[in-house]
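User: I am new to this structure and would like to go through it step by step. Could you take my questions in turn and show the reasoning behind each answer?

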Amino acid sequence: MRWSKSQYFLAISALMILLVGCSQNTAEDVFNHLEKAVELEQPFEEQQAVLVEAEEKEHQIYEEAIALGLDEFEQIIVLSDEALSSIDQREEAVSLEKESIESSYEEFKQVELLQEEFDDEELLSLFKGFSNEMESRYESYQQLFENYTHSIQLDRELFQLLKEEDLELIDLQTKIDEVNDSYQKVNELKEQFNDFTTQYNQSKQAFYEAANLDVTYVDSND
C-alpha cells in the first residue's frame, strides 16, 4: 500500500529525551512502551519502497501487454507471468507490513496496564485520548489491509485473464472496473488511516508535554 510518508509512521525518526523532575516514573514507562511501538513499525516503513516499485512495474507491464496484438500472444503471456510474480512479492511485502503493525500494537497495549497509576486528571484524560485514537488507527488499518489484499487478488485475476487466448473484451473491461473500484476504496481507507495516525501523534505529543517530558525529535539522516 502506498502511504503519505509524513503521516503513516508513528514518529519522525530517532528520539532523545530529557526528563524534568523526579516523579515521572509512570509517564516514563508509558513513553518507553510508545516509542518501542514506533521502533516495531520500522519494517512497515521499509516495505513502502518495495510496494511502490512493484505497483509501478505492474502498471507498466499492463500497458505493454494491452498494446500487443493477438499475433504476439506469447509475449503477452510472458509479461503477464512477470506481473504475477511481482504481485506475489507485493503480497509478501504487505504481510510483513501487517506483522509489523501487529507487533507495534501489542507493545502499545502494554500502556493500558498503567492507566490506574495516574492520579493526575489531566494526564489521565490525555492518556485515554491517545489510547482511543490508537484503537481507531488500528481498526482502520485492519480494514485497509483487508481491502488491499482483496485488490491484490483482483490484480492477479486481471493478469490471469490476459493469458486467456479467447478472452472477451467485455470480461476484461468488467475486471478492470472491479480493480478500479477496489483501489478507490483502498485510497479512501488509506486517507482515513493517515488521519488517525496524525491525530494519535498529536495527542501523544500533548501527553508528553503535559507530563513534563522534554522530547526532542532528531532526524536520523543528520
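User: Let us begin with one residue: is Lys109 buried, exposed or partly exposed?

Analyst: This is a predicted model, and the answer rests on how much of the residue's surface remains accessible in it. A residue is called buried under 20% relative accessible area and exposed over 50%, with partly exposed in between. Because Lys109 has a relative accessibility of 25%, the class that applies to Lys109 is partly exposed.

User: Which residue does the side chain of Lys109 meet in a salt bridge?

Analyst: The partner is itself partly exposed, with a relative accessible area of 37%. The two side chains come together at 3.0 Å, taken from N to O, and the residue that Lys109 meets there is Glu112.

User: Turning to the chain as a whole, what pattern does it follow when read along the sequence?

Analyst: The chain has five helices and two strands. Of its 222 residues, 41% are buried. Read along the sequence, these helices and strands follow the pattern β-α-α-α-α-α-β.

User: Which element gives the largest share of the largest nonpolar core?

Analyst: The largest nonpolar core has 50 residues, and those with the most contacts inside it are Val30, Leu34, Phe130, Phe159 and Phe207. Two or more residues come from each of helix H1 (25-40), helix H2 (42-66), H3, H4 and helix H5 (169-210). In soluble globular proteins, nonpolar side chains tend to be buried together. The largest share of this core amounts to 15 residues, and the element that gives them is H4.

User: How many residues apart in sequence are the parts that Glu41 and Arg137 tie together?

Analyst: Glu41 forms a salt bridge with Arg137, with the closest N and O atoms 2.9 Å apart. Both Glu41 and Arg137 are buried. Since Glu41 lies in the loop between H1 and H2 while Arg137 lies in helix H4, the pair ties together parts whose separation in sequence is 96 residues.

User: Why are Lys98 and Glu102 separated by about one helical turn?

Analyst: The side chains of Lys98 and Glu102 meet in a salt bridge at 2.8 Å, N to O, and Glu102 is partly exposed, with a relative accessible area of 21%. Both residues belong to helix H3, and the separation of about one helical turn follows because along that helix they are four residues apart.

User: How many salt bridges does the structure hold, counting the network that links Glu58, Arg90 and Asp155?

Analyst: Some of these pairings join into a wider arrangement, and Glu58, Arg90 and Asp155 are linked in a network of salt bridges. For the structure as a whole, the number of salt bridges is 14.

User: Which residue of helix H3 belongs to the patch of negative charge on the surface?

Analyst: The patch gathers Glu164, Glu165, Asp166, Glu168 and Asp171 together with a residue from helix H3 (residues 73-108). That residue has a relative accessibility of 59% and therefore counts as exposed. The member of the patch found in helix H3 is Glu74.

User: How far apart in space are Ala83 and Ile61, C-alpha to C-alpha?

Analyst: Ala83 lies in helix H3 and counts as buried because its relative accessibility is 0%. Although Ala83 and Ile61 are 22 residues apart in sequence, their C-alpha to C-alpha separation in space is 6.6 Å.

User: How far apart in space are Tyr148 and Asn187, C-alpha to C-alpha?

Analyst: Tyr148 has its place in helix H4 (residues 121-162), and at 1% relative accessibility Tyr148 counts as buried. Tyr148 and Asn187 are 39 residues apart in sequence, whereas in space their C-alpha to C-alpha separation is 9.3 Å.

User: What is the approximate phi of Asn212?

Analyst: Asn212 lies in the loop between H5 and strand E2 (213-218), and Asn212 is partly exposed, with a relative accessible area of 44%. Most residues other than glycine have a negative phi. Asn212 is not a glycine, yet its phi is positive, at about 60 degrees.

Notes. Residues numbered from 1 in each chain as written. Predicted model: local features only at pLDDT ≥ 70, side-chain atom pairs only at ≥ 80, totals over all residues. Heavy atoms only, no water. Buried < 20%, exposed > 50% of the residue type's maximum accessible area, 1.4 Å probe, protein only. Patch = residues over 30% accessible without salt bridge, like charges linked within 9 Å, V, L, I, M, F, W, Y side chains within 5 Å. Areas by Shrake-Rupley, 256 points an atom, 1.4 Å probe, with all protein chains shown as cover. Salt bridge = Lys/Arg side-chain N within 4 Å of Asp/Glu carboxyl O. Lys, Arg positive; Asp, Glu negative; His and termini not counted. Charge placed at Lys NZ, Arg CZ, Asp CG, Glu CD. Core = buried A, V, L, I, M, F, W, Y, C linked by side-chain atoms within 4.5 Å.
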